[in-house]
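Biologist: Hey, I'm new to this one. Can you pull it up and walk me through a few spots?

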Amino acid sequence: MGERNKTSKIIAVGNQKGGVGKTTNTLHLAAALGELGKKSLIIDLDANCGSTRGLGLGTDWLGAFEVLLGDQDPTDAIVTTDPGEGTELPKNVDLIPARRNLEDFEAEFRKRNKFADPTLTLQEPLARLGGTYDFIFLDTAPNASAPTIAAYRTAEWFILSTEASKLSVDGLNDALTDILAVREAGNANLRLLGVIMCKVDSRTRIATTYVEKIRSEFAAAGELGAFETLITRATALERAQGQGKTLFQTEPDHKVAEQFRSLAREFLARLETAAKINEPKPVMAKEAANA
Ligand SMILES: Nc1ncnc2c1ncn2[C@@H]1O[C@H](COP(=O)(O)OP(=O)(O)O)[C@@H](O)[C@H]1O
Ligand SMILES: [Mg+2]
């Protein structure tokens, strides 16, 4: 497929809260990057199978469960667009799907490996994938399940997905503390690439207040902050999801598709800047996270 001599950038998309756009933003960011000729693989690490269903697949494909257990080679678990199989993914986007049984992964792993660590099971599969993709997005679950922890522990970059709402602003310290905890737990190089703020209702002043609050919290913590591009609330996204497609396949001219294109450009620019600096961000002070 691709060259083997480059490496894919591994990006975990997370938030321990559910329903905050992790999956929607992952799928649409990958699709927008795909339009620019960048190739992405999404690995669905949530037993709720959001990415899998969001890309129109049923939840009976072999995938993340088998790959994490080492039962299947990751390249054999990749689903691509294939009319014969009835799969239609956005351009330049592939998927390793999930099934409900992902919630049994840790128990199954422990049954087979008494002394190994179920949260270190992504490293080998990702290494095997080599540089086939520009980006590998890890879509995670809003809980501390082994596949989600594995994503946090293995990724090089973290994107926090959040709504611009009171509840989400209240949860920001938790999110910052999680990132810090991951660094302390052994992935010292995990860097926050940015915060995607979604479901923004740009007509209300209150939403603007939350957007500003989120920006200032991350600036205070010394982290790369929220992306400039805001993703507004749009029912078109839910319509697309209902069809198992992204906006790029259903309504590519929609305002929100344009926002994701802008987000993709920002994403690439941040990575380019980071590559130039090539230095991990300093581990932020605990005080800042708890302030
Ligand atoms: N910008 C948005 N506008 C409107 N609805 C959205 C938007 N982003 C996500 N949603 C909807 O919110 C719900 C939760 O989003 P999802 O991406 O599944 O969150 P998570 O993966 O964090 O649980 C889904 O029904 C999705 O269609
Ligand atoms: Mg999800």
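Modeller: Sure. A word on ring pairs to begin with: rings of Phe, Tyr and Trp pair if their centres lie within 6.5 Å. Also, this is a predicted model.

Biologist: OK, how many aromatic pairs does that rule give?

Modeller: The count comes to 5 aromatic pairs. One of them joins phenylalanine 135 and phenylalanine 137, a tilted pair with 6.2 Å centre to centre and 45° between the planes. Phenylalanine 135 also pairs with phenylalanine 267, edge-to-face this time, at 5.0 Å centre to centre and 75° between the planes.

Biologist: And where do phenylalanine 135 and phenylalanine 267 lie?

Modeller: Phenylalanine 135 is in strand β4 and phenylalanine 267 in helix α13, so their pair ties together parts that are 132 residues apart in sequence. Ring pairs link Phe135, Phe137 and Phe267 into a cluster.

Biologist: Switching topic: is threonine 121 buried or exposed?

Modeller: Buried, with a relative accessible area of 9%. Threonine 121 sits in the loop between α5 and α6, and its side chain reaches the backbone oxygen of proline 118 at 2.8 Å.

Biologist: Which residues is threonine 121 in contact with, leaving aside neighbours within four places in sequence?

Modeller: Leu68, Phe105, Phe109 and Ala150.

Biologist: Now α9. Which of its residues are buried?

Modeller: Leu172, Ala175, Leu176, Ile179, Leu180, Val182 and Arg183. Seen down the axis of α9, those buried residues fall within an arc of 160°, so they line one face of the helix.

Biologist: What does the face turned away from the buried side carry?

Modeller: On α9, that face has the exposed residues Asp174 and Glu184. Just after α9, glycine 186 takes a positive phi of about 125°.

How values were computed: Residues are numbered from 1 along each chain as its sequence is written. Chains are lettered from A and ligands numbered from 1 in the order in which they are written. This is a predicted model: local features need pLDDT of at least 70, side-chain atom pairs count only at pLDDT 80 or more; totals for chains, interfaces and linings use all residues. Side-chain values use heavy atoms; hydrogens and water are left out. Buried means under 20% relative accessible area, exposed over 50%, partly exposed in between (1.4 Å probe, protein chains only). Helices (H or I, at least four residues) and strands (E, at least two) are DSSP runs, numbered from the N terminus. The arc is that of the directions from the helix axis to the C-beta atoms. A polar contact is a pair of N or O atoms within 3.5 Å; within protein, one must be able to donate a hydrogen and the other to accept it, and residues adjacent in sequence count only if both atoms are side-chain atoms. Contact means heavy atoms within 4.5 Å. Rings of Phe, Tyr and Trp (its six-membered ring) pair if their centres lie within 6.5 Å; planes under 30 degrees apart count as stacked, over 60 as edge-to-face and the rest as tilted.
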